[in-house]
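Subject: Structure for your files, with notes

Dear colleague,

As agreed, I am passing on the structure below. My notes on what was found in it follow.

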Amino acid sequence: MKRQLAVLFLSLAVAISAAAQTGLHVASLFTALRGNANASVTCVQGRALKDYRLSLFHSLTVENDAGLSRMVEEALAKDARKAIDREVHYKDGRLHYAFYNLGRNSDNLNRYILFSGGKRTVLIYLEGKAGPEVINSFFK
């Protein structure tokens, strides 16, 4: 019985996490690359984020796989078109750093995507009540 409840809660958490990113191209990457030897996926929800005024932190790190890094960049480029505000930096003709403010979702929560490229590609999706100035200060 305990095992069934644990599976139910885990399934619910994954469903809520996926629903939060509905309509984003990067959303599928967090699930598709889970378990990939060259990728690391992290999802944090709940009390751990309360002090930061966030409800969801989702990150994806890709190392030593140019194909996967390109896949991340392509999905990001599609979602970047929806951004209401952005800060981007290019290095050697490629996207090196990006901060995208996607505005509010249907739950009135702010949504952000952060990206860092290079030998290690990092993609972060954040959602919550925190304003862009707070989010940007975390990563500077």
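A question to begin with: which residue takes a positive phi in the hairpin of E3 and E4? The residue is Asp92, whose phi is near 55°, in a hairpin that has two residues between the strands. Please bear in mind throughout that this is a predicted model.

As to the overall layout, the chain has four helices and six strands, and from the N terminus on its elements follow the order α-α-β-β-α-β-β-β-β-α. Of the 140 residues in the chain, 40% are buried, and the chain exposes about 8,500 Å², of which carbon and sulfur atoms supply 54%. Where contacts between residues at least 6 apart in sequence are concerned, 46% of them join residues at least 24 apart.

The six strands form an open sheet with antiparallel pairing, in the order E1-E2-E6-E5-E4-E3. Its edge strands are E1 (39–45) and E3 (85–91), each of which pairs on one side only, and neighbouring strands of this sheet are turned against each other by 5° on average, direction ignored.

Going through the sheet from the E1 edge, E1 and E2 run antiparallel and are joined by seven bridges, with Val41 having Leu60 in E2 as its bridge partner. Leu60 also stands opposite Leu123 in E6, and the antiparallel pairing of E2 with E6 extends over nine bridges. Strand E2 is mostly covered, since seven of its ten residues are buried. Further along, E6 (residues 120–128) pairs with E5 (residues 110–116) in the antiparallel sense over seven bridges, and here Asn110 has Gly128 in E6 as its bridge partner. At the other edge, E3 and E4 are paired in the antiparallel sense, over seven bridges, and Glu87 stands opposite Phe99 in E4.

Helix H3 (residues 66–80) lies across strands E2 (54–63), E3, E4 (94–104), E5 and E6, and runs at about 40° to E4.

The structure holds two salt bridges. In one of them, Glu63 is joined to Arg120, with the closest N and O atoms 3.5 Å apart; this pair links distant parts of the chain, Glu63 being in strand E2 and Arg120 in strand E6, 57 residues apart. Both partners fall between the limits of under 20% for buried and over 50% for exposed, so Glu63 counts as partly exposed at 35% relative accessibility, and Arg120 counts as partly exposed at 48%. In the other salt bridge, the side chains of Glu73 and Arg94 meet at 2.5 Å, N to O, and this pair, too, links distant parts of the chain, with Glu73 in helix H3 and Arg94 in strand E4, 21 residues apart. Arg94 is likewise partly exposed, because its relative accessible area is 43%.

Lastly, on the surface, Tyr52, Val134 and Phe138 make a nonpolar patch of about 250 Å². Phe138 lies in helix H4 (residues 132–138), and because its relative accessibility is 35%, Phe138 counts as partly exposed.

With kind regards

Technical notes: Residues numbered from 1 in each chain as written. Predicted model: local features only at pLDDT ≥ 70, side-chain atom pairs only at ≥ 80, totals over all residues. Heavy atoms only, no water. Pairing = 2+ DSSP bridges. Axes fitted to C-alpha atoms, helices over the stretch in contact; angles between N-to-C directions. Contact = heavy atoms within 4.5 Å. Patch = residues over 30% accessible without salt bridge, like charges linked within 9 Å, V, L, I, M, F, W, Y side chains within 5 Å. Areas by Shrake-Rupley, 256 points an atom, 1.4 Å probe, with all protein chains shown as cover. Salt bridge = Lys/Arg side-chain N within 4 Å of Asp/Glu carboxyl O. Buried < 20%, exposed > 50% of the residue type's maximum accessible area, 1.4 Å probe, protein only.
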